[in-house]
Amino acid sequence: MPKNEFALAFNEVLEEKQLSKEIILGAIESAMVSAYRRAVNASTAQQVEAKVDTDTGKVTIFVEKEVVEDVQEEKTEVTLGEAHKVNPRRNWATW
């Protein structure tokens with residue numbers, strides 16, 4: 001299975017700059033968090049994480065949200081139904 005362009009570029013930077021995978025990955029994930037915060041004007045109090053799959057280049061953003069009955073602010077709130085879609089095993093009622 002051939003590697004995609006992201007994986008090839010990622011590995012090239014590792015070799016060229018002689019930096020560890022964790023340092024480069026941390027920098028990319030930090031940049032993704034900053035980009036997300038700017039794009040949605042997220043508060044610095046809201047926890048945001050980014051994870052990059054180095055094989056595919058896929059970036060997943062994890063955003064802390066409050067579970068509410070009626071969503072007033074989509075950036076910071078989510079309904080119970082939506083929360084269950086993300087994590088169906090969690091008992092959201094007692095959290």
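Q: Two strands pair if DSSP finds at least two bridges between them. With that in mind, what makes strand β1 and strand β2 a pair in this predicted model?

A: The cut-off is at least two bridges, and β1 (residues 48–52) and β2 (residues 59–63) have 5 bridges between them, so they count as paired. The sense of the pairing is antiparallel. Looking at single positions, E49 has F62 as its bridge partner in β2, and A50 stands opposite I61 in that strand.

Q: What is notable about G57 in the hairpin of β1 and β2?

A: G57 takes a positive phi, near 85°. The hairpin has 6 residues between its two strands.

Q: How do you know which side chains of β1 point to which face?

A: Happily, the general rule and this strand tell one story. In a regular strand the side chains alternate between the two faces of the sheet. Along β1, one face takes V48, A50 and V52, which are buried. The other face takes E49 and K51, and these two are not buried.

Q: What is the order of helices and strands along the protein chain?

A: The pattern reads α-α-β-β-β-β-α along the sequence. That comes to 3 helices and 4 strands.

Q: Why is the protein chain called more spread out than a compact globule?

A: For 95 residues the globule rule gives 12 Å, while the radius of gyration is 17 Å, well over that value, so the chain is called more spread out than a compact globule. The box filled by the C-alpha atoms, taken along the principal axes, is roughly 50 × 30 × 20 Å.

Q: What share of the residues is buried, and what share of the contacts links residues far along the sequence?

A: Buried residues make up 21% of the 95 in the chain. Among contacts with a separation of 6 or more, 26% join residues 24 or more positions apart. As for the surface, the accessible area is about 7400 Å², and carbon and sulfur atoms hold 52% of that.

Q: How many charged side chains are there, and how far apart are the centres of the two sets?

A: There are 12 positive and 17 negative side chains, with the centres of the two sets 2 Å apart.

Q: Why is V68 called buried?

A: Buried means under 20% relative accessible area, and V68 is at 17%, so V68 counts as buried. V68 lies in strand β3 (residues 66–68). Leaving out residues up to four places away in sequence, V68 touches E77, V78, T79 and L80. For L80, which is 12 residues from V68 along the chain, the C-alpha separation is 6.6 Å.

Q: Which residues does E66 touch?

A: E66 is also found in strand β3. Not counting residues up to four places away in sequence, E66 touches T76, E77 and V78. R38, by contrast, is 28 residues from E66 in sequence and 20 Å away in space, C-alpha to C-alpha.

Q: Is K85 buried or exposed, and how do you know?

A: Exposed means over 50% relative accessible area; K85 has 63%, so K85 is exposed. K85 belongs to helix α3 (residues 80–86). Between K85 and K65, which are 20 residues apart along the chain, the C-alpha atoms are separated by 14 Å.

Q: What makes the phi of Q18 worth a look?

A: Phi of Q18 is near 55°, a positive value in a residue other than glycine. Q18 sits in the loop between α1 (5–17) and α2 (21–40). Its relative accessible area of 67% is over the 50% cut-off, so Q18 is called exposed.

Q: What about N41: where does this residue lie, and is N41 buried or exposed?

A: N41 lies in the loop between α2 and β1. With a relative accessible area of 60%, N41 passes the cut-off of over 50%, so the label is exposed. N41 is not a glycine, yet its phi is positive, about 55°. E69 is 28 residues from N41 along the chain, and their C-alpha atoms are separated by 23 Å.

How values were computed:
Residues numbered from 1 in each chain as written. Predicted model: local features only at pLDDT ≥ 70, side-chain atom pairs only at ≥ 80, totals over all residues. Heavy atoms only, no water. Rg over C-alpha atoms; globule rule 2.2 N^0.38 Å. Buried < 20%, exposed > 50% of the residue type's maximum accessible area, 1.4 Å probe, protein only. Contact = heavy atoms within 4.5 Å. Areas by Shrake-Rupley, 256 points an atom, 1.4 Å probe, with all protein chains shown as cover. Lys, Arg positive; Asp, Glu negative; His and termini not counted. Charge placed at Lys NZ, Arg CZ, Asp CG, Glu CD.
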